[in-house]
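Student: I would like a close look at one part of this model, namely the charged side chains that pair with each other and the helices that carry them. Could you take me through that part slowly, one pair at a time?

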Amino acid sequence: MGEDIGGVRPSSASLAAGSLARGLQLPGSGLGGRGFCYPDSVVAVAMFFSEAGTRPRTWEASPSEHKKWVKVFKACDEDNKGYLSREDFKVAVVMLFGYKPTKIEADSVMSSVNPNTSGLSLEEFLSIVRKKKEVQLHRNEIRHIFTAFDRHYRGYLTLEDFKKAFKQVAPKLSERTILEVFREVDQDSDDLVSFKDFEYAMNYGRNEA
């Protein structure tokens, strides 16, 4: 039986996370116990279930990256207005992230602009870029973890993939609990966990933290 915390019973995924973390002897946010070296697939499992129930780590841009963002801002502000227009912002995103923002994204960004200005100030631009970078890095991490799970490169995960991972780090965890975890992640109940299912589970845990 799981322990109730504040009147709320932890989910199977949360309980499994604890078992995996203890199995890997995770110290804080680090991976792997002292003197131990675990397979990438095992580390990936631990990362998934431990990070799913915690807040994302704070990320800060390096001085060189921050300098690059400022340089892009100035390059897009051709008339030295001191701000970026809607079109300037789109060009800046292409330069930094390699894609053109959709109308919805551009509308969302421009609607958050200080009403006393005519566009995005440098401070606002840097804040937006930092948040986009965090989202990009988080998604890349999810993709890396999913790939480590998917050792056969099939593009999906099966219950057996979950069982093998748990067997290595939490052999005492019951198959029933593993099945419950799998079902929680398997959004469309097709007995396969797609990347979309996997990403949703990761982001759900992140938002609930």
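Tutor: Aspartate 107 is partly exposed, its relative accessible area being 29%, and in this predicted model its side chain meets that of arginine 86 in a salt bridge, with 2.6 Å from N to O. This pair links distant parts of the chain, since aspartate 107 belongs to helix H5 (residues 103–111) and arginine 86 to helix H4 (residues 86–97), 21 residues apart. Arginine 86 is likewise partly exposed, with a relative accessible area of 27%. Side chains of opposite charge can pair when their charged atoms come close.

Helix H5 also holds glutamate 105, whose side chain makes a polar contact of 3.0 Å with the side chain of tyrosine 99. If neighbours within four places in sequence are left aside, glutamate 105 is in contact with Tyr99 and Lys132. Tyrosine 99 brings us to an annotated span, for UniProt, in an unreviewed entry, places the feature "domain: EF-hand" at residues 64–99, 137–172 and 173–208. In the model, residues 64–99 are 69% helix and 0% strand, and the end C-alpha atoms of this span lie 22 Å apart.

The next pair is found within a single helix. Glutamate 160 forms a salt bridge with lysine 163, and the closest N and O atoms of the two are 3.8 Å apart, which falls inside the 4 Å limit used for calling a salt bridge. Glutamate 160 and lysine 163 are separated by about one helical turn, because they stand 3 residues apart in helix H7 (residues 159–169). Glutamate 160 counts as partly exposed at 44% relative accessibility, and lysine 163 counts as partly exposed at 23%.

Helix H7 also contains aspartate 161, and this acidic residue is buried, with a relative accessible area of 7%. A polar atom of the aspartate 161 side chain lies 2.8 Å from the backbone nitrogen of threonine 158. Apart from neighbours within four places in sequence, aspartate 161 is in contact with Phe149, Arg154 and Tyr156.

Helix H8 (residues 175–185) holds another pair, arginine 176 and glutamate 180, which lie 4 residues apart, or about one turn of the helix. They form a salt bridge in which the closest N and O atoms are 3.5 Å apart. Arginine 176 counts as exposed at 64% relative accessibility, whereas glutamate 180, at 30%, counts as partly exposed. Elsewhere, salt bridges that share partners join Asp77, Lys81 and Asp88 into one network.

The setting of arginine 176 becomes clearer when helix H8 is considered as a whole. Thr177, Ile178, Val181, Phe182 and Val185 are buried in this helix, and seen down the axis of H8 the buried residues fall within an arc of 140 degrees, so they line one face of the helix. On the other side of H8, Arg176 and Arg183 are exposed, and it is thus an exposed arginine, Arg176, that pairs with glutamate 180.

To place these pairs in context, the structure holds 13 salt bridges. Among them are the link between aspartate 107 and arginine 86, the pair of glutamate 160 and lysine 163, and the pair of arginine 176 and glutamate 180.

Conventions:
Residues numbered from 1 in each chain as written. Predicted model: local features only at pLDDT ≥ 70, side-chain atom pairs only at ≥ 80, totals over all residues. Heavy atoms only, no water. Helix = DSSP H or I, 4+ residues; strand = E, 2+ residues; numbered from the N terminus. Buried < 20%, exposed > 50% of the residue type's maximum accessible area, 1.4 Å probe, protein only. UniProt positions renumbered as here; feature names shortened; annotations may be inferred. Polar contact = N/O pair within 3.5 Å; in protein donor to acceptor, adjacent residues only side chain to side chain. Contact = heavy atoms within 4.5 Å. Arc of directions from axis to C-beta.
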